[in-house]
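Here are a few notes to read alongside the structure, set out as numbered points. Have the sequence and the 3D view open as you go through them.

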Amino acid sequence: MFLKRLRLTLDMIKFEHSVFALPFALTGALLALRESGLDVPGAWGPVMWKKLFWIVVAMVGARSAAMAFNRLADAEIDGRNPRTKIRHIPAGLLSRTFCWGFTLVASAVFFLASWELNTLCFRLAPVALAIVLGYSYTKRFTQFSHLVLGFALGIAPAAAWIAVRGTLDPRILWLTAAVMFWTAGFDIIYSCQDYEFDSALQLYSVPRFFGIRRALLIARALHVLMIVSLGMLVWELKLGVLSVAGITAVACLLIYEHGIVKANDLSRVNAAFFTMNGWVSVLFFVFWAADILLIHQHI
């Protein structure tokens with residue numbers, strides 16, 4: 001019974017979608033390692049591999065806690081929305097008690113990972129968790145909820161940088177901004193599906209306030225800002241041609257994503273949201289990791 005409920009919970013929080021933010025966090029860690037000196041003796045020793053392990057654990061723990069908490073916070077709203085009433089809690093497949101327990105355990109895992117990383121990570125852990133959990137309520141009072149969600153994911157690469165170096169370098173905040181704009185953009189696209197429902201319940205979202213057509217234009221502008229932010233990071237850290245190629249690949253995917261979603265045809269929103277953004281994060285990491293590991297370690 002427990003394993004069945006755990007499996008249902010992992011399905012509810014779309015555990016496999018941890019791939020969205022994890023590659024950006026790992027990129028932040030690699031950039032921090034690059035700044036420390038990739039060719040320094042011991043750079044790839046047990047200590048660094050341990051850090052990378054706990055960064056992954058922290059990311060998965062925080063995201064799992066945030067997603068489960070979001071489903072708890074939105075259970076009543078989800079039950080009234082024809083699109084989401086089949087979700088696990090409103091459909092009666094999972095109890096609130098079990099989901100609360102899962103949220104607490106995932107949060108504890110996140111704190112444990114933060115403790116294992118370094119003192120600053122552990123001190124900042126409550127702030128980070130407050131941000132990722134607090135997002136769930138923002139749609140009740142601000143149309144900027146999409147940016148809050150983006151910031152919740154965007155702090156991951158900055159946190160990974162802190163985990164590796166023990167301090168925050170302002171330059172990594174360009175990657176935080178890029179992830180924030182990227183996430184906010186695709187979240188606006190996804191929320192277009194709920195335009196009528198959000199309007200009826202007076203929930204706050206960009207589509208509700210600006211209409212679907214303008215919302216899609218805003219999403220496009222946010223993704224342009226993502227590309228600009230990545231370009232600034234390349235400039236600030238003096239990265240190479242593979243990083244630029246990665247930005248180009250991301251831009252092409254985003255162009256395609258916007259091309260398959262129309263104001264009068266939202267039938268391919270799920271393809272744009274899940275498939276394309278999964279490829280964005282993975283291809284970004286492949287190109288940037290290659291740039292960092294294959295080129296700059298020899299400079």
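1. The protein has 12 helices and zero strands. Following the sequence from start to end, you would read the pattern α-α-α-α-α-α-α-α-α-α-α-α. Please keep in mind that this is a predicted model.

2. On overall dimensions, the C-alpha trace spans about 60 × 45 × 30 Å along the principal axes of the protein. A compact globule of 299 residues would have a radius of gyration near 19 Å, and the protein has 19 Å, so the two agree.

3. A helix pair worth turning to in your viewer is α6 (residues 119-134) with α7 (residues 145-165). How do these two helices run relative to each other, given the angle between them? Their axes come within 11 Å and cross at roughly 175°. Angles over 145 degrees count as roughly antiparallel, and α6 and α7 are therefore roughly antiparallel to each other.

4. Which residues make this contact? From α6 come L120, C121, L124, A128, I131 and V132. They meet F151, A152, I155, A159, I162 and A163 in α7. By residue class, the contact of α6 with α7 divides into 12 nonpolar, no polar and no charged residues.

5. Now to the second largest pocket, which holds about 230 Å³ of space. Its lining is made up of 14 residues. If you want to find the pocket on screen, look for L6, L10, F102, V105 and A106, the lining residues that lie nearest its centre.

6. Which helices supply the lining of the second largest pocket with at least two residues each? They are α1 (2-12), α3 (46-73) and α5 (96-117). The largest share comes from α5, with six residues.

7. What is the chemical character of the lining of the second largest pocket? Its residues divide into 11 nonpolar, three polar and no charged. If you compare notes with point 4, the contact of α6 with α7 has no charged residues, and the lining of this pocket has no charged residues.

How values were computed: Residues are numbered from 1 along each chain as its sequence is written. This is a predicted model: local features need pLDDT of at least 70, side-chain atom pairs count only at pLDDT 80 or more; totals for chains, interfaces and linings use all residues. Side-chain values use heavy atoms; hydrogens and water are left out. On a 1 Å grid over the protein atoms alone, a cavity is a set of points where a 1.4 Å probe fits but cannot get out, and a pocket is an open set with protein on both sides within 12 Å along at least five of seven lines; lining residues have an atom within 4 Å of a point. Grid points are joined across faces, edges and corners, and a volume is the space filled by probe spheres set on the points. Helices (H or I, at least four residues) and strands (E, at least two) are DSSP runs, numbered from the N terminus. Ala, Val, Leu, Ile, Met, Phe, Trp, Tyr, Cys and Pro count as nonpolar, Asp, Glu, Lys and Arg as charged, and the others, Gly among them, as polar. Axes are lines fitted to C-alpha atoms, for helices over the stretch in contact, and angles run from 0 to 180 degrees between N-to-C directions. Angles under 35 degrees count as roughly parallel, over 145 as roughly antiparallel, 65 to 115 as roughly perpendicular and the rest as oblique. Contact means heavy atoms within 4.5 Å. The radius of gyration is taken over C-alpha atoms; the globule rule is 2.2 Å times the number of residues to the power 0.38.
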